[in-house]
Amino acid sequence: MRGTRHLPLRIIPLLALLGTLLLPVGVTLAPRAAAAHTAAPAAATPAAPVRIMPLGDSITGSPGCWRALLWNRLRSSGHTDIDFVGTLSHQGCAQAHDGDNEGHGGELVTNAADQNLLPGRLASTLPDIVVMHFGTNDVWSSIAPDRILAAYTKLVEQMRASNPDMKVLVAQLIPMNPSQCAACARRVVDFNARIPDWAGATSTARSPVTVVDQWTGFDTATDTYDGVHPSASGDEKIAARWYPALAALLDADPGDPGDPGDPGDPGDPPACTASFRAVSSWQGGYQGEVTVTNASAATVSGWTATVVPADGARLTQLWNGTLSTGADGTATVTDVSWNGTLAPGASARFGFIASAPATAGAPSATVTCTARAASS
């Protein structure tokens with residue numbers, strides 16, 4: 001047939017011979033390639049960083065240098081797997097840090113709630129933790145505390161719609177005493193007094209709301225430059241107050257169930273441990289922090305810590321706990337509604353300011369604790 005080309009007969013035996021020689025090679029090589037492929041270890045997937053959204057107004061965002069101090073303190077203490085997130089970027093603070101944030105200058109929290117501004121910001125950034133100092137402009141505008149707290153509730157609901165496991169840190173606002181608003185100082189006090197009860201009613205085990213006292217120890221005369229916005233010393237104080245609460249969330253570990261009886265059988269009495277560390281010190285006083293950890297196998301419903309400061313020091317201010325002080329200076333601190341329930345291995349922290357004699361040595365204190373069992 002035209003167009004069909006026939007191989008010479010003498011070539012056919014040669015091709016057959018080559019096929020015979022090559023076939024074993026192919027059969028041998030294929031399994032080796034497959035074996036090599038099977039033996040390659042699977043690449044480890046790095047853990048995603050914890051995404052933290054600083055949320056608020058100009059105190060958070062413009063330039064919000066407390067964020068830089070907080071970021072660097074977290075990093076230097078070993079919390080390197082963090083990512084500050086927000087639709088706004090670096091806003092002028094000279095210190096190197098992750099500048100992403102959600103601090104919108106002049107914004108009212110009631111407007112953010114009424115206009116549903118937060119869901120889009122959450123969708124763009126997907127935070128795991130929200131650090132919120134929000135409401136200063138509302139207080140300035142003489143908006144009723146009930147309405148501000150209703151806005152808080154709506155924002156928390158929107159956070160949980162974005163992430164059912166959202167952790168929320170909410171500030172009791174820093175003091176405000178601008179020359180243009182004589183009533184603002186009192187309004188802040190009145191509003192802050194409402195926040196703990198709101199947080200206790202809003203917090204859940206899955207999505208806790210933790211109150212951070214940013215008011216106590218903050219002086220508008222020295223810690224702001226205009227009666228409202230923090231100066232360098234104010235930024236230091238704000239970062240110092242956020243740090244223990246945020247570090248506690250980052251350190252939280254659901255715990256390893258381990259063997260029966262590790263760390264204790266569920267039927268054992270509740271137990272806790274307490275540890276002290278000095279955060280900073282100055283002539284005549286220091287800031288301290290106590291960590292209370294559930295050391296039993298069952299959930300505890302509350303705890304009481306005893307703090308005995310050394311060298312005649314006395315606790316003068318406290319946050320994230322309720323303080324009573326004996327005549328000898330021994331301080332008894334009980335949990336508050338949002339940090340008393342601790343799962344096995346979980347921790348809560350409270351901070352304090354102590355005054356100390358000029359002759360006192362380095363800050364130190366003896367701390368112990370007792371735990372209460374969860375009701376069945």
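In this predicted model, two strands count as paired if DSSP finds at least two bridges between them.

Q: In E13, which residue is the bridge partner of Gly288?
A: Strand E8 (residues 285–294) and strand E13 (residues 347–355) run antiparallel and are joined by 9 bridges. Within E13, the bridge partner of Gly288 is Phe352.

Q: Which strands stand at the edges of the open sheet that contains E8 and E13?
A: This open sheet has 4 strands in the order E7-E8-E13-E10, with antiparallel pairing. An edge strand has a single partner strand, so one side of it is left without a neighbour in the sheet. The strands in that position are E7 (272–282) and E10 (314–319).

Q: What angle does the direction of helix H10 make with that of E13?
A: Helix H10 (residues 232–251) packs on the sheet and touches E7, E8, E10 and E13. The direction of H10 makes with that of E13 an angle of about 160°.

Q: In E12, which residue is the bridge partner of Val307?
A: Strand E9 (residues 300–309) pairs with strand E12 (residues 331–334) in the antiparallel sense, over 4 bridges. For Val307, the bridge partner in E12 is Ala331.

Q: Which strands stand at the edges of the open sheet that holds E9 and E12?
A: The order of the 4 strands is E11-E12-E9-E14, and their pairing is antiparallel. Two of these strands have a single partner strand each, so one side of each is left without a neighbour in the sheet. They are E11 (322–325) and E14 (365–373).

Q: What is the pairing of the bonded cysteines, numbered in sequence order?
A: The structure holds 3 disulfides. One joins Cys65 to Cys93, another joins Cys181 to Cys184, and another joins Cys272 to Cys369. With the bonded cysteines numbered in sequence order, the pairing is 1-2, 3-4, 5-6.

Q: How many residues apart in sequence are the parts tied together by Cys272 and Cys369?
A: The sulfur atoms of Cys272 and Cys369 are 2.1 Å apart, and a disulfide joins the two residues. Cys272 lies in strand E7 and Cys369 in strand E14, so the pair ties together parts whose separation in residues is 97.

Q: Is Cys272 buried or exposed?
A: The relative accessibility of Cys272 is 15%. Buried means under 20% relative accessible area, so at 15% Cys272 counts as buried.

Q: Which handedness does the link of Cys181 and Cys184 have?
A: Both Cys181 and Cys184 are buried, and their S to S distance is 2.0 Å. With 90° about the S-S bond, the link of Cys181 and Cys184 is right-handed.

Note on methods. Residues are numbered from 1 along each chain as its sequence is written. This is a predicted model: local features need pLDDT of at least 70, side-chain atom pairs count only at pLDDT 80 or more; totals for chains, interfaces and linings use all residues. Side-chain values use heavy atoms; hydrogens and water are left out. Helices (H or I, at least four residues) and strands (E, at least two) are DSSP runs, numbered from the N terminus. Contact means heavy atoms within 4.5 Å. Axes are lines fitted to C-alpha atoms, for helices over the stretch in contact, and angles run from 0 to 180 degrees between N-to-C directions. A disulfide is a pair of cysteine sulfur atoms within 2.5 Å. Buried means under 20% relative accessible area, exposed over 50%, partly exposed in between (1.4 Å probe, protein chains only).
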